[in-house]
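Biologist: Please take a close look at one part of this model, a single loop residue and its backbone, and then set that part against the rest of the chain.

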Amino acid sequence: MKAFLTIGGQCLLLALLAGACLAGAPSKHPKISSAILDALEAGRWQKESDRQLSPDPMFRLDSAGLQVYIEMVEVSAATLAELQAMGVTIEVTDPKQRLVQARVPPAQLKAVAALASVRFIRLPDYGVHNR
């Protein structure tokens, strides 16, 4: 019986620790990739000088915004106009795949993700050179 209580006590302790770890974890957005969200929550891209001091090949950022793929419910003139009204610069569209490559100002990422026509925002798949 004593061994059972010890094992039971250990399981309870692990459950409490796991709950405490999860409670401290940052909340994730259901429509924004974790790589983008983590950078936003870390305060990255707040100032123009930050964008130029720490270039990261994973993030392509310029004065128009962060280059992303926006997975859409549908790609139509109305949904593209809705994105453009939020300051999004459209680069390429693929209506068959319901995909838009665009530049989004970092401050607008969560607002763009909140649109009903947007399913998910993620980084583009960039090719990597082997050396």
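Modeller: In this predicted model, arginine 98 sits in the loop between strand S3 (89-94) and strand S4 (99-104). The backbone at this position deserves attention, since the phi of arginine 98 is near 55°, a positive value in a residue other than glycine. Most residues other than glycine have a negative phi. As for its surroundings, arginine 98 has a relative accessible area of 39% and therefore counts as partly exposed, because that value falls between the 20% limit for buried residues and the 50% limit for exposed ones.

The wider chain gives this loop its setting. Five helices and five strands are present in the protein chain, and along the sequence they follow the pattern α-α-α-β-β-α-β-β-α-β. Of the 131 residues in the protein chain, 30% are buried, while the chain exposes about 8600 Å², with carbon and sulfur atoms supplying 60% of that area.

A residue from the buried part offers a contrasting case: leucine 37, which lies in helix H2 (residues 34-41), has a relative accessible area of 2%, and because this is under 20% it counts as buried. Leucine 37 and leucine 109 are 72 residues apart in sequence, yet their C-alpha atoms are 9.1 Å apart in space. For the chain as a whole, among contacts between residues at least 6 apart in sequence, 64% join residues at least 24 apart.

Methods. Residues numbered from 1 in each chain as written. Predicted model: local features only at pLDDT ≥ 70, side-chain atom pairs only at ≥ 80, totals over all residues. Heavy atoms only, no water. Helix = DSSP H or I, 4+ residues; strand = E, 2+ residues; numbered from the N terminus. Buried < 20%, exposed > 50% of the residue type's maximum accessible area, 1.4 Å probe, protein only. Contact = heavy atoms within 4.5 Å. Areas by Shrake-Rupley, 256 points an atom, 1.4 Å probe, with all protein chains shown as cover.
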